[in-house]
Amino acid sequence: MGPNPTDRGKNGTKTSLLVEGQGGPLGVEVAGANVHDCKLLANTLEAVVIERPDVSEEEPQHLCLDKGYDNPTGREAAEDHGYTPHIRKIGEERRPCDAAKGHKPRRWVVERTLAWLSKCRALLVRYDKHDDNYLGLIELACALLWFRKLHRLQAA
């Protein structure tokens, strides 16, 4: 037999990552694999390491999230931190993106950044026993991504 499926006693680690439009990591949070994404959203938004510009009605800050955050908890966490949430409704049909209006798919940006981070051997397979050590390695890898990005910009 196995564990009770309603307990959701999954092994592993979940990494919640917030990135900017080009894929640069801004904040990261680590939790167990059995924690729902919405419960990590507020902590991930608080983990942003740079100072955010002031939010105004003329220049709102948008936050694009997937269907997993389509509930009151996800919307409330985004609005509490001053973001305008853009969350696709559960059950909503997929629509083609109109690049002429500036609508482009954004989910791949986060997936690409997670792929960049998984190139670090210590992050691909979690060897660390303590969450703080593992989070420190992820933050170090994020800093390395920013360093490489800035180095490329200065070389060009």
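**Results: folds, cores and charged pairs**

Reading from the N terminus, the elements of the protein chain follow the order β-β-α-β-α-β-α-α-α. That comes to five helices and four strands, where helices (H or I, at least four residues) and strands (E, at least two) are DSSP runs numbered from the N terminus. The model is predicted, so local features need pLDDT of at least 70 and side-chain atom pairs count only at pLDDT 80 or more, while totals for chains, interfaces and linings use all residues. Residues are numbered from 1 along each chain as its sequence is written, and side-chain values use heavy atoms, with hydrogens and water left out.

Start with the protein chain as a whole. About 11300 Å² of it is exposed, and carbon and sulfur atoms supply 53% of that area; accessible areas come from the Shrake-Rupley method with a 1.4 Å probe, and for residues only the protein chains shown count as cover. Of the 156 residues, 28% are buried. Here, buried means under 20% relative accessible area, exposed means over 50%, and partly exposed is in between (1.4 Å probe, protein chains only). As for contacts (heavy atoms within 4.5 Å), take those with a separation of 6 or more: 47% of them come from residues 24 or more positions apart.

Now for the inside. In soluble globular proteins, nonpolar side chains tend to be buried together. A nonpolar core is a set of buried Ala, Val, Leu, Ile, Met, Phe, Trp, Tyr and Cys residues joined through side-chain atoms within 4.5 Å. The largest one has 14 residues, and Leu117, Leu123 and Ile138 have the most contacts inside it. At least two residues of this core come from each of β1 (13-19), β2 (25-32), α3 (107-118) and α5 (131-155). Which element gives the most to this core? That is α5, with six residues. Leaving aside residues up to four places away in sequence, Ile138 touches Thr15, Val28, Val30, Leu117 and Leu123. Another core lies apart from this one; it has 13 residues, including Leu18, Leu41, Leu63 and Ala78.

What about the cysteines? The structure holds zero disulfides, a disulfide being a pair of cysteine sulfur atoms within 2.5 Å. Cys120 is in no disulfide, and its nearest cysteine sulfur, that of Cys142, sits 8.9 Å away. Cys142 is likewise in no disulfide. Their surroundings can be described too: Cys120 is partly exposed at 26% relative accessibility, whereas Cys142 is buried, with a relative accessible area of 8%.

Next come the charged pairs. Side chains of opposite charge can pair when their charged atoms come close. Searching the whole structure turns up four salt bridges, each defined as a side-chain nitrogen of Lys or Arg within 4 Å of a carboxyl oxygen of Asp or Glu. In one of them, the side chains of Asp37 and Lys14 meet at 3.1 Å, N to O. Asp37 lies in helix α1 (residues 37-46) and Lys14 in strand β1, so this pair ties together parts that are 23 residues apart in sequence. Both ends are partly exposed: Asp37 has a relative accessible area of 25%, and Lys14 comes in at 22%.

A further salt bridge joins the side chains of Asp70 and Arg75, with 3.1 Å from N to O. Asp70 counts as buried at 19% relative accessibility, while Arg75 is partly exposed at 21%. Then there is the salt bridge between Arg126 and Asp131, at 2.7 Å, N to O. Here Arg126 is partly exposed at 24% relative accessibility, and Asp131 is partly exposed at 43%.

Over on the surface, Leu124, Val125 and Tyr127 make a nonpolar patch of about 340 Å². Patches are made of residues with over 30% relative accessible area and no salt bridge; like charges are joined within 9 Å, and nonpolar side chains (Val, Leu, Ile, Met, Phe, Trp, Tyr) within 5 Å. Leu124 belongs to helix α4 (residues 121-124), and this leucine is exposed, with a relative accessible area of 59%.

One last spot to look at is Glu92. Where is Glu92 placed? The answer is the loop between β4 (83-87) and α3. Glu92 is partly exposed, with a relative accessible area of 23%. Glu92 and Lys67 are 25 residues apart in sequence, and their C-alpha atoms are 9.1 Å apart in space.
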